[in-house]
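Visitor: I would like to learn how to read a structure feature by feature, starting from what a term means and then turning to the case at hand. Could we begin with burial?

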Amino acid sequence: MQTQTPLQIRISWPSGHLTATLDDTATSQALSKALPLSSTARTWGEEVYFDTGVSVSRETDARQVVEPGTVAFWTDGDALALPYGPTPISRGAECRLASPCNILGRLDGDARLLATVRDGDPVRVELVDA
């Protein structure tokens, strides 16, 4: 019997990196097949997002308001969305994404490290070897 090991990815940018543990979803499987990938970071309030080149459908449990540190996939933009605080459309301190996103998992460690990502920074996402 084969046990499914959690999927771990590393997200790196010039001033730091974070790892994330992803749930076993159709979207995380599609993303993992595209790794490693390089992209350009965009910032939107206290959210970092970047194009992945992966196109998937919105899942039935997609959410727009998430916890800081959630790894989300923005199907409208084929992008990973990494919120760590309020966005321009948030109400109060919530993390409100641009539209409902597929939930992939959680960042390991302090999501506020994403505050060091600058708009236009190169970003690399790769699988962490188990």
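Guide: A residue is called buried when its relative accessible area is under 20%, exposed when that area is over 50%, and partly exposed in between. The model in front of us is predicted, and in this model Val117, with a relative accessible area of 4%, is therefore buried.

Visitor: Where is Val117 found, and which residues is Val117 in contact with beyond its neighbours within four places in sequence?

Guide: Val117 sits in the loop between β9 and β10, and, once neighbours within four places in sequence are left aside, it is in contact with Trp13, Ala41, Thr43 and Val48. As for distance along the chain, Val117 and Val128 are 11 residues apart in sequence, while their C-alpha atoms are 21 Å apart in space.

Visitor: Does the same reading carry over to another loop; for instance, is Thr75 buried or exposed?

Guide: Thr75 counts as buried, because its relative accessibility is 11%. This residue belongs to the loop between β7 (70-74) and β8 (79-83), and, not counting residues up to four places away in sequence, it touches Val56, Ser57, Arg58, Pro100 and Asn102. Asp78 lies in that loop between β7 and β8 as well, but at 22% relative accessibility Asp78 counts as partly exposed. Asp78 also has a positive phi of about 50°, although it is not a glycine.

Visitor: Before going on to side chains, how many helices and strands does the protein have, and what pattern do they follow along the sequence?

Guide: The secondary structure comes to one helix and 10 strands, and read along the sequence these follow the pattern β-β-α-β-β-β-β-β-β-β-β. The radius of gyration is 14 Å, close to the 14 Å that the globule rule gives for 130 residues, so the protein is as compact as a globular protein of that length. Along its principal axes, the C-alpha trace spans about 45 × 35 × 25 Å. Among contacts between residues at least 6 apart in sequence, 73% join residues at least 24 apart.

Visitor: What does UniProt place on this chain, and at which residues?

Guide: An unreviewed UniProt entry places the feature "domain: Cyclophilin TM1367-like" at residues 8-126. In the model, the end C-alpha atoms of that span lie 9 Å apart, and the span is 8% helix and 48% strand.

Visitor: How should I read the nonpolar interior?

Guide: The general idea is that, in soluble globular proteins, nonpolar side chains tend to be buried together. Here 44% of the 130 residues count as buried, and the largest nonpolar core has 26 residues, those with the most contacts inside it being Ile11, Leu31, Phe50, Val71, Leu107, Leu114 and Val125. Two or more residues of this core are given by each of β1 (7-13), β2 (16-22), β5 (47-51), β7, β8, β9 (95-108) and β10 (122-127). A second, separate core of seven residues includes Val66, Ala72, Cys95 and Leu97.

Visitor: Taking Leu107 from the largest core, which residues does Leu107 touch?

Guide: Not counting residues up to four places away in sequence, Leu107 touches Ile11, Leu18, Thr19, Ala20, Gly69, Val71 and Leu114.

Visitor: And how are charged side chains to be read?

Guide: Side chains of opposite charge can pair when their charged atoms come close. The structure holds five salt bridges, one of which joins Asp119 to Arg42, with the closest N and O atoms 3.4 Å apart. This pair links distant parts of the chain, since Asp119 is in the loop between β9 and β10 and Arg42 in strand β4 (residues 42-43), 77 residues apart. Asp119 is partly exposed, with a relative accessible area of 47%, and Arg42 is also partly exposed, at 35%.

Visitor: Which residue forms a salt bridge with Arg58, and which parts does the pair tie together?

Guide: Arg58 forms a salt bridge with Asp76, the closest N and O atoms being 3.3 Å apart. Arg58 lies in the loop between β5 and β6 (63-66) and Asp76 in the loop between β7 and β8, so the pair ties together parts that are 18 residues apart in sequence. Arg58 is partly exposed, with a relative accessible area of 41%.

Visitor: What is the peptide bond from Leu35 to Pro36?

Guide: That bond is cis, with omega near 0°, and Pro36 is placed in the loop between α1 (26-34) and β3 (37-40).

Methods:
Residues are numbered from 1 along each chain as its sequence is written. This is a predicted model: local features need pLDDT of at least 70, side-chain atom pairs count only at pLDDT 80 or more; totals for chains, interfaces and linings use all residues. Side-chain values use heavy atoms; hydrogens and water are left out. Buried means under 20% relative accessible area, exposed over 50%, partly exposed in between (1.4 Å probe, protein chains only). Contact means heavy atoms within 4.5 Å. A nonpolar core is a set of buried Ala, Val, Leu, Ile, Met, Phe, Trp, Tyr and Cys residues joined through side-chain atoms within 4.5 Å. UniProt positions are given in the numbering used here, feature names are shortened, and annotations may be inferred rather than shown by experiment. The radius of gyration is taken over C-alpha atoms; the globule rule is 2.2 Å times the number of residues to the power 0.38. A salt bridge is a side-chain nitrogen of Lys or Arg within 4 Å of a carboxyl oxygen of Asp or Glu.
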